[in-house]
Every structure is written in structure tokens, then in C-alpha cells.
Amino acid sequence: MAETAGRLERLRPYRAVLASRARSQRAYRANFAVDLVSSLLVGVVELAEVWVLFTNVTALGGMRFNQILLVFGLADLAFSLADLSFGHLDNLPDFLRAGTLDVFYLRPQPVLAQLITSDISLRRLARAAVGAAAMGAGLTTSGVTWSPHAAVLLVLGLVSGYATFAGMFVLAAGLQFFLLDGAEMTNAFVYGGRYAATQPASVWTRPLKLVFGFFFPMAFTAYLPAVAILGLPGPQWLPAWLGWCAPAAALWSWATGLLCWRWGLRHYQGGGG
Amino acid sequence: MRATARVYWRLLAAGFRRQSAYRLAALGGLVANLTFGLLKVAILFATVRAAGGELHGYDTASMSTYVWLSQGLLGSVNLNGRTDLALRVKDGQVAVDFLRPVDLQAATLATEAGMSLFALIPRGLPSVLLGALVVGMRLPSNPVFYLLGTVSLLLGIVISAATVYLVAVAGFWLVETRGLQILYMLASGFLGGLYVPLALFPGWLRAVAAATPFPSIMMDPIDVLSGLGGEAHAAGLVLAQLAWLAGVAAAGQALTRAGRRRLEVQGG
């Protein structure tokens, strides 16, 4: 009891910052509305890019459009939520360049925890809604046979997908200590990773399967859980049962992320101020 | 007249040099370009194969040409809508730009074009070369397409800068242009044919795209450079680009003049 109270007390500063950030975004109503609408449109246009392909063909990588909707929805919902809570780690190069990261060292809390809780982008909720709608449409129209198995896979896939994408943001942040101006390089696996996650992994070449199937485990965030839910056979190297291993991918993503973060933090020598 | 031309030439060269200072950034951009390119190849090749090996004039070799030319152009055309000028309009620093004895629009376009031209060296050419090496692609044998293609590419770069300029000067009325910037980002990428070639769009959506300047930024230079559709078609595309450039540039001039009278610099 006392232990829980102590933990709650320790988390209080984080909650205070997050609540203030959330309030500040809603303070300017018109601006917040514009942000929500543009975030919604981002999701819609991304979905339209997939839909355009399906105006030409009936199946891609062994999946029909309604089945792809499930992959796209799972991936975009998980990514948008990770972006909402971790996306601002992308601002680290600005802190490094301005030397303002040093302030975070002065507080008695871990730097990563402070950075993660330093902001929350509520506008991404609109994009998450597009993902959720696509996922719902995919689930209801692609003839999923509902069973406890399918439900567990869906929840497991979503939670692990969120954690996997979050781990990618941490990994990217760790690398920023070395890249500085080359920050765009990490877009290859963060935003490129999101793009990969919405694709049917069955269309990938072998090198892509290695890179986005396993090293940056994007196939585990949406495609593999979706294949397992739909009862489809997976392609070579990515059998459907791997859908159950999504939590392992999340662990791997966080292990590489945290390792890289520690490595980067030790490399950092201060802003010289 | 010659003196005026020299000023803008120097601004262009300054933009070129300015971009050359960020070599690591260019490398980062190249890595991201190549990764996205390989993923685009995977999904678009699968689409062509699912359609029986040929889709609206594209086979895998010409689809590869499309992918790598579009990835190569990405560093040189502005598809995100962000500009320094937008920030300067927002905080009023643009008042200083108005004091200079140069035309605001021409000076901005010259600098942006210089930066874009430099980006072709570390980002554009390597994207196309590495794509050709790793995936293979088809390039036209007729030199006319390279000549027209170069003109079309330059026009695309300037049209892109001139269109983003419109977003920036809209700030004279809106102050905060972030919403407009995101709209530009979405429309220019999607309707400009960044992810899927416009030929694969359904007819009505192609018509929507054709009513905007966005295809002339990326899709037209790619079509001209890859020689799809023959010489007459390519020449027609270049003429259409010229018309878009004239239209967008005239709109920019008009908005700058009207906005200059609206500009209110706060503080003392």
C-alpha cells in the first residue's frame, strides 16, 4: 500500500507536465481544430495511397483490399498512438543544437523519462481514429471467424505494435547524439518503418524481409498478427504463427532502443554552456 | 538589366553554397530516400505483376525508373510546404526583406532553386544511380528526352518553389500558416504522384490532380525524363509546365503586392 503511494508520488511530476501540455494544446481552440483536421487528412491520404493501388488490381501479396485494411488499420493505429506519446523525441537534435538538453540533467529524474513526458501530441488522436476505422472495416468485412484466439491476437498485436513503434522512436533518439545534422537518417526506419508496416510483407524481397521483418520488426506490428487473425498462410520466412511472437518483437525493439539511448547519453558531452 | 540578372545569379549561387554546408544532412536524406525507394519498388512491382506484367503502360523496368526518379527528385522539390519565408512573414522580419532593392519573390525563388540544384548532387544522382544498380531500370535512348527532361526538371524545381511561396505569403492574411502548409504537403505528395504514378489513379482523381500545379512539380519531369508517351507528349508536358509556372508566379506577385500593404509589424 505504502509502496504504491510512493510510486504514485514519484510519477506526480510527470503527470503534472503532461496535463499542462494537454491543456495548452486545447487552449487555442481554432488552432487545435486545424491540427485535428490536418492530422485526420494525413491518415485519410495515406489510406488513399493504398486504395489507389487496389483500383487497378484485386489482390496484392495475397491480400484483398478489406484484408489490407486490417493491416493498414493495425499499423496506423499503433503508430499514431506511439507518435502521440513518443513522437516528440524527434525534437532531440534541436535540444542538442541549442544546448538545452543540459537542463534535463539537473532534475532528479531519468533524462529519457523526462523527454518522453515532456509533451503529448493530442492532434494525433485524429489520425489514430482513421487507423481504428480502417481496422474496424477490415475486421468486419474480411470474414474473420471470431474466437478467443482472434481477440487475443488483436489485442496482443496492437499493444506490441504500439510498444515496437515506441521503441523505434527511442532508438532513433539514441542515434541522434551521433548524427546531429544527419537526423533524417533515422526517418528511414521510423517513418519508413511505418510505411513498411502498412504493406503486406509478402511483397518484400529477401533483404527487405531481413531488415523490416526482423531487424526493425515492422512485419510484427500489423502484417503478421493480421495474417494470423485471418487464417492466411504467411510468405516464405514469415509464417503466420509468428503473429503470436509480436511481444518478442516489442521486447527486441525496446532492447535495441534502450541500448542505443544509453550509448548515446554516455557519448554526450554537454552543450558547453 | 545585366546588373539585375547578376544579383539573382549570385543569390542562386549562394543558395547552392548554403546547401553544400550540410553534407551529413544530405547523407541522412539519401539513406531515407533509398529505404523508401526499396519499399515503393516492392509494393509497385507487386501491383504490376498482379495486373499481369503491364499496367497503364508501366512494366517493372519503367516502374523502377518512376520510383528512382521520384526518390531522386525528392531532395530538390519542396513537397512539405515548409519555408524560411513563412517564418519571416509570421514574425514580421519580412519587413527587412522588403527594404532590400530586390524583388522578394524573385530573390526567394533564386535562393531556393540554388539549394535544390545542389541537392541533386548528393541526393538526386546517387538515388537514381544506386536504384539503377540495385534494381535496374529502363532509360530512353533518344537524347531528346534528356534535353527536354533537364528543362522539365528545372521547371519542376522552380514551380515547386513558386507554389510553396504562395503558402508563405498567405501568411500576410493568416499569420499562422501551419494548417495551409500541411494541406500543401498532403496535396502535393498525393496529387504530385509521389507514392503512386498518376497513370494508376482512377480517371476522376487524375482530373482533380490535373487541375492543380502539383503534377508539374514531380510527375511531369519524371514522365519526360523516362520518355513514356513519345516526344510530342513530352514537349506538350513542358509547355504545360511553362503555363503553370507563369500562373503560379503571377499569383505570387499579386499576393506579395497586396500582402505588403497588409503587413503589420508589431513591437518597437
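**Buried charges, a shared interface and a nonpolar core**

At just 2% relative accessibility, A:D83 counts as buried. This is a residue of a predicted model, and its surroundings make a handy way in. The side chain of A:D83 meets that of A:R124 in a salt bridge, with 3.1 Å from N to O. The two partners come from distant parts of the chain: A:D83 sits in helix 3 of chain A and A:R124 in helix 7 of chain A, 41 residues apart. A:R124 has a relative accessible area of 18%, and because the cut-off for buried is under 20%, A:R124 counts as buried too.

Those two helices are linked by another pair as well. A:D76 and A:R127 bring their side chains together in a salt bridge at 4.0 Å, N to O. A:D76 belongs to helix 3 (residues 65-86) of chain A and A:R127 to helix 7 (residues 124-141) of chain A, so this pair ties together parts that are 51 residues apart in sequence. Both A:D76 and A:R127 are buried.

A rather more local case turns up in helix 4 (residues 92-98) of chain A. There, A:D94 and A:R97 are three residues apart, so about one helical turn separates them. Their side chains form a salt bridge at 3.8 Å, N to O. As for surroundings, A:D94 is partly exposed, with a relative accessible area of 45%, while A:R97, at 52%, counts as exposed. Elsewhere, salt bridges with shared partners join A:E46, A:D76, A:R127 and A:R194 into one network. Over all chains, a search of the whole structure turns up 15 salt bridges. In general terms, side chains of opposite charge can pair when their charged atoms come close.

Next comes the place where the two chains meet. On the chain B side, 37 residues are in contact with 34 residues of chain A. The size of an interface is often given as the accessible area lost when the parts come together. Here the area buried between chain B and chain A is about 3,000 Å², and carbon and sulfur atoms give 77% of it. Two salt bridges cross this interface by the rule used. One of them can be picked out by name: A:E184 and B:R123 meet through their side chains at 3.6 Å, N to O. The rule also finds four residue pairs in polar contact across the interface, with both residues at pLDDT 80 or more.

Which elements of chain B give two or more residues to the side that touches chain A? They are helix 2 (23-50), helix 9 (178-191) and helix 10 (203-210) of chain B. Helix 2 of chain B gives the most to that side, with 18 residues. Sorted by class, the side of chain B that touches chain A has 27 nonpolar, six polar and four charged residues.

For a close-up from the chain A side, take A:S38, which is found in helix 2 (residues 29-54) of chain A. With residues up to four places away in sequence left out, A:S38 touches B:I182 and B:L186. Its side chain also reaches the backbone oxygen of A:V34, at 2.6 Å. A:S38 has a relative accessible area of 6% and is buried.

Away from the charged pairs, there is the nonpolar packing. The largest nonpolar core has 145 residues, and A:L89, A:L101, A:W204, A:F212 and A:W261 touch the most other members. Helix 7 (residues 143-169) of chain B supplies the largest share of this core, 13 residues. A:W261 shows what such a position looks like: neighbours within four places in sequence aside, A:W261 is in contact with A:L92, A:V111, A:L112, A:L115, A:V170, A:A173, A:G174 and A:F177. Another core lies apart from the largest one and has five residues, among them A:A22, A:L84, A:I120 and A:L122.

One last stop is in chain B. B:A110 is found in helix 6 (residues 104-134) of chain B and is buried, with a relative accessible area of 10%. Not counting neighbours within four places in sequence, B:A110 is in contact with B:Y8, B:L11 and B:L12. As for B:A110 and B:G29, these residues are 81 residues apart in sequence, and their C-alpha atoms are 22 Å apart in space.

Conventions
Residues numbered from 1 in each chain as written. Chains lettered and ligands numbered in written order. Predicted model: local features only at pLDDT ≥ 70, side-chain atom pairs only at ≥ 80, totals over all residues. Heavy atoms only, no water. Contact = heavy atoms within 4.5 Å. Buried area = accessible area lost by both parts, 1.4 Å probe. Polar contact = N/O pair within 3.5 Å; in protein donor to acceptor, adjacent residues only side chain to side chain. Helix = DSSP H or I, 4+ residues; strand = E, 2+ residues; numbered from the N terminus. Nonpolar A, V, L, I, M, F, W, Y, C, P; charged D, E, K, R; others polar. Buried < 20%, exposed > 50% of the residue type's maximum accessible area, 1.4 Å probe, protein only. Core = buried A, V, L, I, M, F, W, Y, C linked by side-chain atoms within 4.5 Å.
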